[in-house]
Amino acid sequence: MCGESMRKLIHIFDKLPSWSASVVVLIVILVLTLDLNTVQIDLPNIVGIDKLVHGIMFGGLAMSICLDIQRRNWSALIGIGSVIVAIVISSVVGVTVEMLQYWMANGRTYETYDIVADVVGAFVLGFVARILLKKYGVE
C-alpha cells in the first residue's frame with residue numbers, strides 16, 4: 001500500500017467521535033467471543049491458529065485504541081505511555097472475555113493460552129500502531 005493510501009486509511013475515522021474505532025472493534029470482539037448465535041467459522045487445521053486469531057483480535061483492539069487516542073491530536077505522536085494504556089486496556093478486555101466464557105458456561109471455554117495470545121497480540125500490535133502512526137498519521 002503506497003504512503004498516500006495508508007495516510008487516507010488512517011484518517012478515515014477523523015469525522016467520527018474520537019472513540020468510535022475502539023467501540024466498533026470491541027463490539028465485534030464481544031459478539032465473536034461471547035455470542036453462541038454467531039456464525040461458526042471453521043479455521044484451518046493448523047496448530048495454534050486460534051491463538052493467532054486471539055492475538056489479532058486483541059491486537060486490533062489495542063491498535064484501534066491507539067488510533068482513537070492519536071486522533072485527539074494529530075500534531076504530536078502518541079506517547080509510549082498511551083500505547084501502554086491501550087495495551088493494558090486490551091489485555092484486561094481479553095482476560096475479562098475469558099472469565100466471562102468460563103462463568104457463562106455457554107459452550108465456550110476458558111484457556112490460559114488464549115489470555116497469553118491476547119496480551120502478546122495487544123503488545124505487538126500496540127507498538128505497530130505507534131510505528132504506523134509515526135510514519136503515516138502525524139501531520
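**Entry 1: the core**

Which residues touch the most other members of the largest nonpolar core? I looked this up first, and found Ile10, Phe58, Leu61, Cys66, Leu67 and Leu133 among the 23 residues of that core. For my own record, a nonpolar core is a set of buried Ala, Val, Leu, Ile, Met, Phe, Trp, Tyr and Cys residues joined through side-chain atoms within 4.5 Å. Buried stands for under 20% relative accessible area, exposed for over 50%, and partly exposed for what lies in between (1.4 Å probe, protein chains only).

I then asked which helices supply the core: α1 (3-10), α2 (20-34), α3 (49-70), α4 (80-104) and α5 (112-137) each give at least two residues. The largest share, seven residues, comes from α3. Helices here are DSSP runs of H or I with at least four residues, strands are runs of E with at least two, and both are numbered from the N terminus.

**Entry 2: a note on the model**

I reminded myself that this is a predicted model, where local features need pLDDT of at least 70, side-chain atom pairs count only at pLDDT 80 or more, and totals for chains, interfaces and linings use all residues. Residues are numbered from 1 along each chain as its sequence is written, and side-chain values use heavy atoms, with hydrogens and water left out.

**Entry 3: the whole chain**

I counted five helices and zero strands, running α-α-α-α-α from the N terminus on. The radius of gyration is 16 Å, close to the 14 Å that the globule rule gives for 139 residues, so the protein is as compact as a globular protein of that length. That radius is taken over C-alpha atoms, and the rule is 2.2 Å times the number of residues to the power 0.38. The C-alpha trace spans about 45 × 30 × 25 Å along its principal axes.

I also noted that buried residues make up 35% of the 139. Of the contacts (heavy atoms within 4.5 Å) between residues at least 6 apart in sequence, 82% join residues at least 24 apart.

**Entry 4: Leu61 and Met63**

Back to one core residue: what does Leu61 touch? Leaving out residues up to four places away in sequence, I found Ser22, Val25, Leu26, Ile29, Ser90 and Val93.

Met63 is in helix α3 and is partly exposed, with a relative accessible area of 24%. Beyond its neighbours within four places in sequence, Met63 is in contact with Leu125, Val128, Ala129 and Leu132. I also checked Met63 against Ile87, 24 residues along the chain, and got 8.6 Å between their C-alpha atoms.

**Entry 5: His54 and Glu98**

Is His54 buried or exposed? His54, in helix α3, counts as buried because its relative accessibility is 10%. Setting aside residues up to four places away in sequence, His54 touches Glu98, Asp114, Ala117 and Asp118.

That led me to Glu98, which lies in helix α4 and counts as buried at 0% relative accessibility. With the same four-place exclusion, Glu98 touches His54, Thr109, Tyr110, Glu111, Asp114, Ile115 and Asp118. Ile27 is 71 residues from Glu98 along the chain, and their C-alpha atoms are separated by 15 Å.

**Entry 6: one last residue**

I finished in helix α5 with Val120, which is partly exposed, at a relative accessible area of 47%. The C-alpha atoms of Val120 and Val47 are separated by 17 Å, with their positions 73 residues apart along the chain.
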